[in-house]
Amino acid sequence: MYPGNYFVIRQATAEDQRSLHQLAQLDSQRPLSGPALIGEIDGIPVAALSLTDGRLIADPFQPTAVLSQLLRMRAGALDAY
């Protein structure tokens with residue numbers, strides 16, 4: 001189990017576009033468009049989830065399985081709210 005502060009999940013901003021593009025390239029996917037959540041480990045974006053279509057991109061060289069689940073849970077909570 002990971003400590004509660006191991007991951008940071010936050011709303012993507014305009015400044016994150018480059019990071020989102022790099023993540024998409026690493027994951028061999030097209031970049032996300034529209035609002036998204038970003039998951040960080042040690043201040044580095046390693047996964048992102050589109051709030052528009054639910055598409056997930058992640059760094060394949062980082063342990064993102066748990067973070068990906070947390071991103072989906074957070075998106076579900078935002079949707080329910």
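**Figure 1. Ser 28 is an exposed loop residue in this predicted model.** Ser 28 has a relative accessible area of 67%, so the residue counts as exposed. The loop that holds Ser 28 runs between helix H1 (17-26) and strand S2 (36-41). Ser 28 follows H1. Its phi is near 55 degrees. That is a positive value, here in a residue other than glycine.

**Figure 2. Asp 42 sits in the loop between S2 and strand S3 (44-50).** The relative accessibility of Asp 42 is 71%. Asp 42 therefore counts as exposed, since the cut-off is over 50%. Phi of Asp 42 is near 55 degrees. Asp 42 is not a glycine, yet this phi is positive.

**Figure 3. Helix H1 has a buried side.** Three residues of H1 are buried: Leu 20, Leu 23 and Ala 24. They cover an arc of only 100 degrees around the axis, so they lie on the same side of H1. What do the buried residues of H1 pack against? Their partners are S2, S3 and strand S4 (56-58). Turn to the face of H1 that points away from the buried side. Arg 18 and Gln 25 are found there, and both are exposed. Beyond the helix comes Ser 28, with its positive phi near 55 degrees.

**Figure 4. Gln 22 of helix H1 is partly exposed.** Is Gln 22 buried, exposed or partly exposed? Its relative accessibility is 38%. That value falls between the limits of 20% and 50%, so Gln 22 counts as partly exposed. Val 46 is shown with Gln 22 in this view. Along the chain, Gln 22 and Val 46 are 24 residues apart. Their C-alpha atoms are separated by 9.8 Å.

**Figure 5. Ala 36 is a buried residue of strand S2.** Ala 36 has a relative accessible area of 1%. Buried means under 20%, so Ala 36 belongs in that class. Which residues are in contact with Ala 36, leaving aside its neighbours within four places in sequence? One set is Arg 10, Gln 11 and Ala 12. Leu 49, Ser 50 and Leu 51 are also in contact with Ala 36. Thr 52 is 16 residues from Ala 36 along the chain. The C-alpha atoms of Ala 36 and Thr 52 are separated by 7.6 Å.

**Figure 6. The whole protein chain sets the scene for the close-ups.** The secondary structure comes to two helices and four strands. From the N terminus on, the order is β-α-β-β-β-α. The C-alpha atoms fill a box of roughly 30 × 30 × 20 Å along the principal axes. How does the radius of gyration of the protein chain, 12 Å, stand against that of a compact globule with 81 residues? Such a globule would have a radius of gyration near 12 Å, so the chain agrees with it. Of the 81 residues, 36% count as buried. Consider the contacts between residues at least 6 apart in sequence. Of these, 53% join residues at least 24 apart.

**Figure 7. The surface and charges of the protein chain are shown together.** The accessible surface comes to about 5100 Å². Carbon and sulfur atoms account for 54% of this surface. The protein chain has 6 positive and 8 negative side chains. The centres of the two sets lie 4 Å apart.

Technical notes. Residues are numbered from 1 along each chain as its sequence is written. This is a predicted model: local features need pLDDT of at least 70, side-chain atom pairs count only at pLDDT 80 or more; totals for chains, interfaces and linings use all residues. Side-chain values use heavy atoms; hydrogens and water are left out. Buried means under 20% relative accessible area, exposed over 50%, partly exposed in between (1.4 Å probe, protein chains only). The radius of gyration is taken over C-alpha atoms; the globule rule is 2.2 Å times the number of residues to the power 0.38. Contact means heavy atoms within 4.5 Å. Accessible areas come from the Shrake-Rupley method with a 1.4 Å probe; for residues, only the protein chains shown count as cover. Lys and Arg count as positive and Asp and Glu as negative; His and the chain ends are not counted. The place of a charge is taken as NZ of Lys, CZ of Arg, CG of Asp or CD of Glu. The arc is that of the directions from the helix axis to the C-beta atoms.
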